[in-house]
Amino acid sequence: MLNFACDYLDAAHPKVFEALMKNNFVKTGCYDESESDCFCNAAREKIRTACGVPDAEVRFLSGGTQTNKVVISTMLKPWQGVIAARTGHIAVHEAGAIEASGHKVIEIAEQQGKISAEAVDKVFRAWHGDGNRLHMVEPGMVYITQPTEYGTVYSL
């Protein structure tokens with residue numbers, strides 16, 4: 001039997017459910033495509049304020065996989081890959097979405113889901129030190145999940 005369970009199947013926090021009930025009959029335009037979407041407009045303004053960029057263009061995506069794919073494929077050059085823990089979300093739970101954009105997920109060893117600066121440095125040094133690197137995927141980004149898939153948390 002195939003299991004299609006995901007984190008979207010978890011119950012809503014009572015305060016989220018309460019807000020949904022309160023706003024159930026508020027009419028809006030299509031998701032983030034209309035000036036009449038008061039929820040997206042309010043969130044957009046909060047994001048602009050928090051970032052200190054009042055004229056920032058803010059767009060919303062429908063889920064984590066889409067967000068990871070868009071951000072990673074936008075930030076990396078076509079020949080680059082993203083370093084991630086072997087157990088990291090993009091390496092295990094994104095159904096190949098990152099690779100579908102042409103970017104390799106460079107998996108590295110982890111401890112309880114956390115990768116170390118030394119392990120990341122080793123990947124960069126190995127790539128840079130290889131005389132054949134022009135034929136290799138260049139590490140261009142590091143992906144860290146906070147908290148990790150194990151629930152562990154990075155500290156400073």
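## Gln80 and its surroundings

Let's start with one residue: Gln80, which is part of strand E1, a stretch covering residues 80–85. Keep in mind as you look around that this is a predicted model. Is Gln80 buried or exposed? Its relative accessibility is 9%, and buried means under 20%, so Gln80 counts as buried.

Which residues does Gln80 touch, once those up to four places away in sequence are set aside? The list is His103, Lys104, Val137, Glu138 and Gly140. Take His103 from that list: Gln80 and His103 are 23 residues apart along the chain, and their C-alpha atoms are separated by 6.3 Å. Glu138 is also worth finding on the screen, since its side chain and that of Gln80 are joined by a polar contact of 3.4 Å.

## Charged pairs

Now let's turn to charged side chains. Side chains of opposite charge can pair when their charged atoms come close. How many salt bridges does the structure hold? There are 3, and we can visit them one by one.

## A pair in helix H2

Glu45 and Arg48 form a salt bridge in which the closest N and O atoms are 2.5 Å apart. Where do these partners sit? Both are in helix H2, which runs over residues 38–51. They are 3 residues apart, about one turn of the helix.

The two partners have their own accessibility values. Glu45 has a relative accessible area of 40%, so it is partly exposed. Arg48, at 16% relative accessibility, falls under the 20% limit and therefore counts as buried.

## A pair in helix H6

A salt bridge also links the side chains of Asp121 and Arg125, with an N to O distance of 2.6 Å. Both residues belong to helix H6 (residues 117–129). Here the spacing is 4 residues, again about one turn of the helix.

How accessible is Arg125? Its relative accessibility is 59%, and the exposed class begins over 50%, so Arg125 counts as exposed. Asp121 has 35% relative accessibility, which makes it partly exposed.

## Glu57 and Arg59

The remaining stop is the pair Glu57 and Arg59, whose side chains meet in a salt bridge of 3.2 Å, N to O. Are these two residues buried or exposed? Both Glu57 and Arg59 are exposed.

## Looking back

To retrace the tour, try finding Gln80 in strand E1, then its polar contact with Glu138. After that, look for the salt bridge of Glu45 with Arg48, the one between Glu57 and Arg59, and the one between Arg125 and Asp121.

How values were computed. Residues are numbered from 1 along each chain as its sequence is written. This is a predicted model: local features need pLDDT of at least 70, side-chain atom pairs count only at pLDDT 80 or more; totals for chains, interfaces and linings use all residues. Side-chain values use heavy atoms; hydrogens and water are left out. A salt bridge is a side-chain nitrogen of Lys or Arg within 4 Å of a carboxyl oxygen of Asp or Glu. Helices (H or I, at least four residues) and strands (E, at least two) are DSSP runs, numbered from the N terminus. Buried means under 20% relative accessible area, exposed over 50%, partly exposed in between (1.4 Å probe, protein chains only). Contact means heavy atoms within 4.5 Å. A polar contact is a pair of N or O atoms within 3.5 Å; within protein, one must be able to donate a hydrogen and the other to accept it, and residues adjacent in sequence count only if both atoms are side-chain atoms.
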